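Please open the structure in your viewer and keep the selection panel at hand. This tour proposes a series of selections and states what each one contains.

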Amino acid sequence: MSSQVEPIDKEEDDAWFASAAKIYPMEVKGRFRKIKWAILFVTLGIYYFTPFLRWDRGPLLPDQAVLIDFERKRGYFFFLEIWPQEVYYLTGLLIIASVALFLMNAIAGRLWCGYLCPQTVWTDLFLRVESLIEGDRRKRIALDKQPWSAEKILKKGTKHFLWLMIAWWTGGAWVLYFADAPTLVHDLATGQAALSAYVWIGILTFTTYSLAGHMREQICVYMCPWPRIQAALTDEHALNVTYRYDRGEPRGHLKESLKREEEGLPAGDCIDCNQCLYACPTGVDIRKGAQLDCIQCGLCIDACDSIMDKVGKPTGLIAYDTDLNIERREKGETPVYRLIRPRTVLYTLIIAMIAGVMLYMQLNRSMTGLSVVHDRNPLYVQQSDGSFRNGYSLRLLNKHNNEQSFTLSVEGMPAGTTFEVVGIHRNDEAITNKTQLSLSVDADTTRSVRALVFSPTGVDLPNSRAMSFKLVDTETGETTVIHDFFRAPGE
Amino acid sequence: MAEYKKEIDQVTGVETTGHEWDGLKELNHPLPKWWLYMFYASIVWSVIYWVLMPSWPLVNGYTKGLLDYSQRAVVTAEFNAAEAERAETGKMLLEASLEEIRDTPELLEFAMAQGKVAFGDNCAPCHGAGATGFEGYPNLQDDSWIWGGDLDTLATTISYGVRAEHDDTRYAEMPAFGRDEMLEKDEIIQVANYVGSVAGLPTRQGVDLEAGKVVYEENCAACHMEDAKGSTETGSPNLTAPTYLYGKSVEDIIAQVDAPRHGVMPAWIDRLGETTVKSLAVYVHSLGGGQ
């Protein structure tokens, strides 16, 4: 074959078929490491202990501050109570969460990935456990190369046991959000909890153990969609963990570069010590520039800074910066940092606006409500006297903590219309207004009733007549009006 | 396999599978390990499954498996469990009168839910999902009833059916006035047009309605009453109602007088039990036509 043939199946493509090389991140000390520890303690503290916080809501309701009660179909978050009818409220939280991601990305790249993402936080914790037991990078590499021995089995065994314990606690904490935490802990311990609780603990133990212990950076690199999305959202002013190649290149070992300096040749500050590479939890070389695998956790900054301190050079060879600034420095211009840009302002405004709408809605939350569904089959029924009847399914909501009485009426129908609710009697037969009746709903619940509306005889009705149901809380006067239609065979 | 020799493709440097077609060799890109292990795991799983669960078909049956699992047994167990769960409310339904059920919100909600499901399972095939009926199958939504539309009457009709194979079934049969030669052809036309005129239908020209009225009073009024409004006591339909069971036109009336059709409704009490029948009565009553 001619050597001019360009193989489409190159050797380097084999990387996709080879198993991933194991990464042994080195422990580092420094500013970003401290920030990461602080965030780890705060976020895991919130996660593990929130279910035990109490919040008094009166005798009828649960006193757990954060609780998703599937059985009674309620969500509780401190002072908030969410009914299934209000789940759309969570849409606001999701929008805020996604725009907050965009904002973080516009300010300093993958802040979420590097510091806040559960995958990062738990992997960090698992790595710490690993290095406590097996030692730092070099020792771990050596241990893995060793043949199996009692010491190796002991170390590996202890590590996996501790990992499983953490994973188990993670799953255990998860289920506590869905039932009264102290009761559930007791039930779990005595084997009385629901099977689903044990199954969920099992599932989360498995996922935590495998994701944080074994898959680690592969989740970020191969599975997570966010790196792809954020790459499309970023711009030239977003700060990123950046190797300042203007300062670092040409790189060389310390002795070499000192020699080059003496000779008057250009020598960069990077002494090619590979500490940034060893520190990296995803195994990238930050000196190659921004790349998909980099979660921008800042640990290479700490690793590099400590080396720069040792060799007596200024820190910040790797730092939060932009490529734009590197180019400006190369041209001798001063770097610019534009954190306030149209996109960051816009994202902030969107967050503020949605948070404002949510706050307004929460402050003006209705305590009663009504929903109406017109019968579909049949749309109308002709009575033997020639009049028409329409049927409706009504659901009355009472979010008060006590039984509430209501007046329910039909409006917009011709005179002589009769309104009935199955099972409800008008107390006084002398009442002439047959479009209104009274009924009550128990505390903190809903009541479904079947409503029937009878048109008067001898009245021409259109095919569809707009009418409405009106629910008035007799104590508070809170009114809900639901518009619907009265159907008849007319034109 | 002992003679297998690794062959490296010279252009790409990748190992080949040894397969060759017209000089083209297949490069070896093995499946990912995790995939392969999952594949092995599922083979192991299937063998375990064969042993434990019903799996292989035989000539007269199938391998039962060590766990003795049967979907039918599971359904029966779940059905019984659901019955047991409903037993308490069901007992309350059983003890309460139909009026009490309608006027107690918890019982009403339960009966409506149970009635709706039971209606869909048992009644809808004839009466329609919306209970509006078809020709020959009564409309349960309107307020005209052949046997009566109050709660207790509905429960009785559902329990024992109409012209069904039950000792207590409702029974009524209209004579075949034409087929059995009880009336002359002219008389049938006259009486059908008379009934049509009472029901507000256009009648045939030149038909003697007065004669028809005489025929009606002599032959029909005993059951359908003088005012043609029928009687729920004898199960005689109201002839002034907006809808007729077998079509509302003079031709349909002629056909029915000549040789009436009689539908059958099964008796449900033995099949569904009293609780469900009560729920059904409350549900049908609450559709709006109940009296």
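What distance separates the centres of domain 1 of chain B and domain 2 of chain B, taken over C-alpha atoms? In this predicted model, the two centres are 30 Å apart.

**Chain B: domains and helical span**

To see both parts, select residues 87–168 together with 265–286 of chain B, which the domain assignment gives as domain 1, and then residues 185–258, given as domain 2. Where these two domains of chain B are in contact, domain 1 contributes ten residues and domain 2 contributes nine.

Next, select residues 34–52 of chain B, which an unreviewed UniProt entry lists as "transmembrane region". This span is 100% helix and 0% strand, and its end C-alpha atoms lie 26 Å apart.

**Chain A as a whole**

Now display chain A alone. It holds 16 helices and 14 strands. Turn the C-alpha trace of chain A to view its principal axes, along which it spans about 110 × 60 × 60 Å. The radius of gyration of chain A is 33 Å, whereas a compact globule of 491 residues would have one near 23 Å. Of the 491 residues in chain A, 25% are buried. Consider also the contacts in chain A between residues at least 6 apart in sequence: 70% of these join residues at least 24 apart.

Colour chain A by its three domains: domain 1 (19–233), domain 2 (240–330) and domain 3 (368–487). The C-alpha centres of domain 2 and domain 3 of chain A are separated by 74 Å.

**Annotated spans of chain A**

The unreviewed UniProt entry places "transmembrane region" at several spans of chain A, including residues 87–108 and 161–179. Select residues 87–108 of chain A: the chain there is 95% helix and 0% strand, with end C-alpha atoms 32 Å apart. Then select residues 161–179 of chain A, which are 84% helix and 0% strand, with 28 Å between the end C-alpha atoms.

**A hairpin in chain A**

Zoom in on strands β1 (residues 66–69) and β2 (residues 74–77) of chain A. They run antiparallel and are joined by four bridges. Select Val66(A), and Phe77(A) in β2(A) will be found opposite. The two strands form a hairpin with four residues between them. In the turn, Lys73(A) has a positive phi of about 55°.

**The nonpolar cores**

Which residues touch the most other members of the largest nonpolar core? Select Cys300(A) and Ile318(A), which hold that place in a core of 37 residues. Several elements of chain A give two or more residues to this core, among them α2 (88–108), α8 (195–215), β4 (240–243) and α14 (299–310). The largest share, six residues, comes from α14(A). Both domain 1 (19–233) and domain 2 (240–330) of chain A supply at least three residues each to this core.

Centre the view on Ile318(A). Leaving aside neighbours within four places in sequence, Ile318(A) is in contact with residues including Val241(A), Tyr243(A), Cys276(A), Ile286(A), Cys300(A) and Cys304(A).

For the last stop, move to another core, of 26 residues, which lies apart from the one just visited. Among its members, select Ala111(B), Trp268(B), Ala281(B) and Val284(B).

Key: Residues numbered from 1 in each chain as written. Chains lettered and ligands numbered in written order. Predicted model: local features only at pLDDT ≥ 70, side-chain atom pairs only at ≥ 80, totals over all residues. Pairing = 2+ DSSP bridges. UniProt positions renumbered as here; feature names shortened; annotations may be inferred. Rg over C-alpha atoms; globule rule 2.2 N^0.38 Å. Buried ≥ 20, exposed ≤ 12 C-beta atoms within 10 Å, placed from the backbone. Contact = placed C-beta atoms within 7 Å. Core = buried A, V, L, I, M, F, W, Y, C linked by C-beta atoms within 7 Å. Domains from an automatic or database assignment.
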